[in-house]
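Colleague: Please take a close look at the strand pairing in this model and describe it piece by piece. Add the side chains where they help the picture.

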Amino acid sequence: MAHVEIVQLLVSPVHRLAGRPGDGVPELPRDELVPSAEVRAGLGIVGDRYFNRPAHRSASITLMAAERLPRPAAGEADLLRTRRNVLLRGVDIDAFIGSTVFLDCGTGPVTLEVRTAARPCAWMDATLGAGAQRALRGGGGVRCRPLTDGTLTVGPAEFGVV
């Protein structure tokens, strides 16, 4: 078990990065960054755009390591720009593809099957800065299937492999 920090949580009801990056970055509402998120087994994060979507049930939650984020030219990199759900500090989550892991924020573990890489797309260059897509290859985060219900909250958490 390791001590980690959940730096940010994003629950967005809308897929905001649609169309072409060259058309400009759409509004990214700060109220989509939340202090806690409810996870439902097999469904995802309540209120999120991927919650209970058949095409996304096996990978409905995305996690990313804060240490992997490139620093954009203007402002701090965050989940609004990457569109991942959980930003972690203290664990290289990309190294756990194929594993079952848990995060426990003090209310009981949320168990996640780490299924695949969340590959960075061309939008990363538009939202984070030139070269971000390339810089995030192999470190753009992971897509997970939730195996248990629970709550994730911003702040300290325990991380482990099941």
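Modeller: Strand E2, residues 36-40, is joined to E3 by two bridges, and the two strands run antiparallel. Across this pairing, Arg40 faces Gly44 of E3. The model is a predicted one, and what follows should be read as a description of that prediction.

E2 and E3 belong to an open sheet of three strands, with the order E3-E2-E9 and antiparallel pairing. Its edges are taken by strand E3 (44-45) and strand E9 (150-153); each of these has a single partner strand, so one side of each has no neighbour in the sheet.

The chain leaves E3 through a loop that leads to E4, and Pro54 is found in that loop. The relative accessibility of Pro54 is 63%, which places this proline in the exposed class. Pro54 and Leu43 are eleven residues apart along the chain, and their C-alpha atoms are separated by 8.8 Å.

After the loop comes strand E4, residues 61-65, which pairs with E8 in the antiparallel sense over three bridges. Leu63 has Val142 of E8 as its bridge partner. E4 also pairs with E5, here in the parallel sense and again over three bridges. In that pairing Ala65 stands opposite Leu88 of E5.

E5 pairs with E1 as well, in the antiparallel sense, and four bridges hold that pairing. One of the bridge pairs is Leu9 with Val86 of E5. Strand E1 covers residues 2-9 and includes Gln8. Despite its polar side chain, Gln8 is buried, with a relative accessible area of 15%. With its neighbours within four places in sequence left aside, Gln8 is in contact with Arg30, Leu33, Asp78, Leu79, Asn85, Val86, Leu87 and Val154. Val86, then, appears twice: as the bridge partner of Leu9 and among the contacts of Gln8.

On E8, a further antiparallel pairing is made with strand E7, residues 109-117, over five bridges. There Glu113 has Arg145 of E8 as its bridge partner. E8 itself, residues 142-146, has alternating side chains: Val142, Cys144 and Pro146 point to one face and are buried, whereas Arg143 and Arg145 point to the other face and are not buried. The bridge partners named above come from both sets, with Val142 opposite Leu63 of E4 and Arg145 opposite Glu113 of E7. Arg143 also lies over the face of Tyr50, at 5.9 Å from the ring centre.

Cys144, on the buried face of E8, has a relative accessible area of 0%. Cys105 is buried too, at 17%. A disulfide is a covalent bond between the sulfur atoms of two cysteines. The search of the whole structure finds zero disulfides.

Beyond the bridges, the aromatic rings give one more link. The count of aromatic pairs comes to one. It is formed by Phe96 and Phe159, whose ring centres are 5.1 Å apart and whose planes meet at 70°, so the pair is edge-to-face. Phe96 sits in the loop between strand E5 (86-89) and strand E6 (100-104), and Phe159 in strand E10 (residues 155-161), so the pair ties together parts that are 63 residues apart in sequence. Phe159 is buried, with a relative accessible area of 4%.

For the chain as a whole, there are ten strands and three helices. Read from the N terminus, the elements follow the order β-β-β-β-α-β-β-β-α-α-β-β-β. Of contacts between residues at least 6 apart in sequence, 73% join residues at least 24 apart. Of the 162 residues, 48% count as buried. The accessible surface is about 7,600 Å², and carbon and sulfur atoms account for 52% of that area.

Technical notes
Residues numbered from 1 in each chain as written. Predicted model: local features only at pLDDT ≥ 70, side-chain atom pairs only at ≥ 80, totals over all residues. Heavy atoms only, no water. Buried < 20%, exposed > 50% of the residue type's maximum accessible area, 1.4 Å probe, protein only. Contact = heavy atoms within 4.5 Å. Areas by Shrake-Rupley, 256 points an atom, 1.4 Å probe, with all protein chains shown as cover. Pairing = 2+ DSSP bridges. Disulfide = S-S within 2.5 Å. Phe/Tyr/Trp six-rings, centres within 6.5 Å; stacked < 30°, edge-to-face > 60°. Lys NZ or Arg CZ within 6 Å of the ring centre and 35° of its normal.
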